[in-house]
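Here are my notes on the model you shared, set out point by point. I hope they are handy to have beside you while you look around.

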Amino acid sequence: MLLLLRRCLCLLVICSAPGLAAAICATGTLASYEALGAGGCQIGSLTVNNFSYAMLSGTVTIPDTSITVTPSVVSNTLGLTFSSPLFSVSGTDSAVYMLGYTWDPGDIRSLEDILNTNTPVFPGLARISTLACLDSAFSGAICPTTTDLLVVSHNGIIANTPNTVTFSPPIGILGIRNTIETDGNGASSEFTSFENVVTLPEPSTLASCLLFSLVMFGGLRLKRG
């Protein structure tokens, strides 16, 4: 009985280990995510941390308290959606911001960006340029390894949404720097949200744990038999 209890506790620790790294991410403001610091929070089996946000240029102020961050887990894809009613400019107004953070650690197979909009009026422009640092976090603006660039955009005529990059071999850490740009260009530009989505391998950790439990308890029964 004692051996069975020990094995059950071992199984519980193994299967719940990813969830012990940080608190579970919940919908909140970008400011609240920045406040998490290096500890971050957990989406599925990965941790997102070290959020940063800064204005690069423009005439429209978009505070971090006005941006909502929504985490999601769908099968083997994990995502963060950034939305705000202030992602909107017109006339000669513009706004360019940098939003950075890190996915860590995992077995990341791909990154997809999705821009959710259908409202820019040509030549108004909405664009998200994501610079991904492979197998490392950014150190300020510097990626110590290699990078991939994804761009999603809409100018009222041409929609370039979504965009995906695949990592082969998979990577363990993914640094993210999103350049968020809205330019009225004499007309108007507006988008509701954009998403960063990473893909992990299947089967899930839960399936692996279940397989481990079958082997473990099967072995236990054999010994008792």
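Is E181 buried or exposed? E181 counts as buried, at 15% relative accessibility. One thing to keep in mind as you read on: this is a predicted model.

1. **The E181 and R127 pair.** Let me stay with that residue for a moment. The side chain of E181 forms a salt bridge with the side chain of R127, at 2.8 Å from N to O. This pair links distant parts of the chain, with E181 in strand 14 (residues 174-183) and R127 in strand 10 (residues 125-134), 54 residues apart. The two ends sit in unlike settings: E181 is buried because its 15% relative accessibility falls under the 20% limit, whereas R127 is partly exposed, with a relative accessible area of 27%.

2. **The other salt bridge.** The count of salt bridges comes to two. Besides the pair above, D107 and R109 join their side chains at 3.0 Å, N to O. Here D107 is partly exposed at 31% relative accessible area, and R109 is also partly exposed, at 32%. As general background, side chains of opposite charge can pair when their charged atoms come close.

3. **Overall make-up.** Stepping back, the protein has three helices and 16 strands. Of its 225 residues, 41% are buried. If you take the contacts between residues at least 6 apart in sequence, 74% of them join residues at least 24 apart. The exposed area is about 10900 Å², and carbon and sulfur atoms supply 61% of it.

4. **The nonpolar core.** The largest nonpolar core has 42 residues, and L80, W103 and L174 are the ones with the most contacts inside it. Strand 8 (residues 94-104) gives the most to this core, namely five residues. In general, nonpolar side chains of soluble globular proteins tend to be buried together.

5. **Around L80.** This residue is a good place to centre your view. Setting aside neighbours within four places in sequence, L80 is in contact with a list of residues that includes Y33, I43, V48, F51, Y101, W103 and F194. Some polar or charged residues touch L80 as well, among them T70, E195 and N196.

6. **The six-stranded sheet.** Six strands make an open, antiparallel sheet in the order 2-5-6-16-9-13. Strand 2 (28-29) and strand 13 (163-171) are at the edges with a single partner strand each, so one side of each has no neighbour in the sheet. Within the sheet, strand 9 and strand 16 (residues 193-199) pair in the antiparallel sense over seven bridges. If you want a marker for that pairing, L115 has F194 in strand 16 as its bridge partner. F194 is also among the contacts of L80.

7. **Strands 3, 4 and 8.** Strand 3 (residues 41-43) and strand 4 (residues 46-58) pair antiparallel over three bridges, with C41 opposite V48 in strand 4. Their hairpin has two residues between the strands, and there G44 takes a positive phi near 60°. Strand 4 is also joined to strand 8 by nine bridges, and these two run antiparallel. In this pairing, S52 stands opposite G100 in strand 8.

8. **S94 in strand 8.** Strand 8 also holds S94, which counts as buried at 16% relative accessibility. Not counting residues up to four places away in sequence, S94 touches G58, T59, V60, V89, T182 and D183.

9. **A nonpolar patch on the surface.** Where does F122 lie? F122 is in the loop between strand 9 (108-116) and strand 10, and it is partly exposed at 48% relative accessibility. Together with I157 and I158, F122 forms a nonpolar surface patch with about 340 Å² of accessible area. I158 belongs to the loop between strand 11 (146-154) and strand 12 (159-160), and I158 is exposed because its relative accessible area of 56% is over the 50% limit.

10. **What else F122 meets.** Leaving out neighbours within four places in sequence, F122 is in contact with N155, G156, I157 and A187. The C-alpha atoms of F122 and S188 are 7.4 Å apart in space, although 66 residues separate the two in sequence.

Definitions and conventions
Residues numbered from 1 in each chain as written. Predicted model: local features only at pLDDT ≥ 70, side-chain atom pairs only at ≥ 80, totals over all residues. Heavy atoms only, no water. Core = buried A, V, L, I, M, F, W, Y, C linked by side-chain atoms within 4.5 Å. Buried < 20%, exposed > 50% of the residue type's maximum accessible area, 1.4 Å probe, protein only. Helix = DSSP H or I, 4+ residues; strand = E, 2+ residues; numbered from the N terminus. Contact = heavy atoms within 4.5 Å. Salt bridge = Lys/Arg side-chain N within 4 Å of Asp/Glu carboxyl O. Areas by Shrake-Rupley, 256 points an atom, 1.4 Å probe, with all protein chains shown as cover. Patch = residues over 30% accessible without salt bridge, like charges linked within 9 Å, V, L, I, M, F, W, Y side chains within 5 Å. Pairing = 2+ DSSP bridges.
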